[in-house]
Amino acid sequence: MLGGEDFPPVKAAFFGLFARLLLQSPAHLLALCERIGTVQVPAAASDRDRDGAGVGVGTGAGPATPVPAFLRLVDIWIDSIDNVASTARRKASAMALASLLEAGPPGVLPRLGLVLNVVVDVLFEVQGRPGGGLAEYERLDGDVEPPEPPAPGEEAEEADGAAEEARRLAVQERDPVRSTRMSDFVGAKLGAFRARHGDAAFQQLLETVDSAVMKQLQSFFA
């Protein structure tokens, strides 16, 4: 995948795994990427990263430039977020990318404006219109519904299935990706970025975000 191969279902599956790693154990994902080292990326994609014009997966021709594996992963992740069809997994990916505001390596800073573009798209998807009577927590596709009580006479044969459904429901309710309000999570990461890098760097980050996208993002914190 880091070499430029494009298999959307495979990438979506890997993004789900990487999202969990980045949210729960970022040091392990960073260590894995450090072991890989660098990835050769065509210069056209590297130029786009440097001048802020956007992220490219680097499939075009041209001299190759070495890019750290983790930054290459972030570039592909941002560029391919639409490959993730499940709302729950898109939320996990957006939260994982947003976590880079707090704990990302220095090289990720030029990409944070693009990260916030992804975040805003997914915020609208999982929370709807700001101020529009949002639910207490987002109900996402793939959620396990509470089991229906068994009909009379079916208790014994339904017992095992009901117990398993109850277990899955309990696991779901403890899942931070499902139970955490995404706007609260993003707001906390923006605050952490400001505390870590200072007001000047925070303002510089905001200036990398399209003004319309910035207004949409701010509307979730109004």
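In which loop is the place of Ser-99? Ser-99 sits in the loop between helix H5 (87–98) and helix H6 (100–103). The model is a predicted one, and the description below starts from the whole chain before returning to this serine.

The chain has 222 residues, of which 40% count as buried. Its secondary structure comprises 12 helices and 2 strands. Read from the N terminus, the order of elements is α-α-β-α-β-α-α-α-α-α-α-α-α-α. Both strands thus appear in the early part of that order, with one helix between them. As for contacts in the chain between residues at least 6 apart in sequence, 71% of them join residues at least 24 apart.

One helix pair can be followed in detail. Helix H7 covers residues 112–127 and helix H10 covers residues 182–197. Their axes come within 10 Å and cross at roughly 160°. Because angles over 145 degrees count as roughly antiparallel, this crossing makes H7 roughly antiparallel to H10. The handedness of the H7 and H10 crossing is left-handed.

Which residues of the two helices meet? From H7 come Leu-112, Leu-116, Val-119, Val-122, Leu-123, Val-126 and Gln-127. On the H10 side, the partners are Met-182, Ser-183, Val-186, Leu-190 and Phe-193. Sorted by class, the contact of H7 with H10 consists of 10 nonpolar and 2 polar residues, with no charged ones.

Back to the loop between H5 and H6, where Ser-99 is placed. Is Ser-99 buried or exposed? Its relative accessibility is 10%, and residues under 20% count as buried, so Ser-99 is buried. A polar atom of the Ser-99 side chain lies 2.5 Å from the backbone oxygen of Ala-96. Setting aside neighbours within four places in sequence, Ser-99 is in contact with Leu-22, Leu-23, Gly-104, Phe-185 and Lys-189. Of these, Phe-185 and Lys-189 fall within the residue range of H10, the helix that also meets H7.

A second serine occupies the preceding loop along the chain: Ser-80 lies between helix H4 (69–79) and H5. H5 is therefore flanked by a loop with Ser-80 and a loop with Ser-99, as the definition of helices by runs in sequence implies. Ser-80 has a relative accessibility of 5%, so Ser-80 also counts as buried. Not counting residues up to four places away in sequence, Ser-80 touches Lys-11 and Phe-15.

Definitions and conventions
Residues are numbered from 1 along each chain as its sequence is written. This is a predicted model: local features need pLDDT of at least 70, side-chain atom pairs count only at pLDDT 80 or more; totals for chains, interfaces and linings use all residues. Side-chain values use heavy atoms; hydrogens and water are left out. Axes are lines fitted to C-alpha atoms, for helices over the stretch in contact, and angles run from 0 to 180 degrees between N-to-C directions. Helices (H or I, at least four residues) and strands (E, at least two) are DSSP runs, numbered from the N terminus. Angles under 35 degrees count as roughly parallel, over 145 as roughly antiparallel, 65 to 115 as roughly perpendicular and the rest as oblique. A crossing is left-handed if the near helix is turned anticlockwise from the far one by less than a right angle, and right-handed if clockwise. Contact means heavy atoms within 4.5 Å. Ala, Val, Leu, Ile, Met, Phe, Trp, Tyr, Cys and Pro count as nonpolar, Asp, Glu, Lys and Arg as charged, and the others, Gly among them, as polar. Buried means under 20% relative accessible area, exposed over 50%, partly exposed in between (1.4 Å probe, protein chains only). A polar contact is a pair of N or O atoms within 3.5 Å; within protein, one must be able to donate a hydrogen and the other to accept it, and residues adjacent in sequence count only if both atoms are side-chain atoms.
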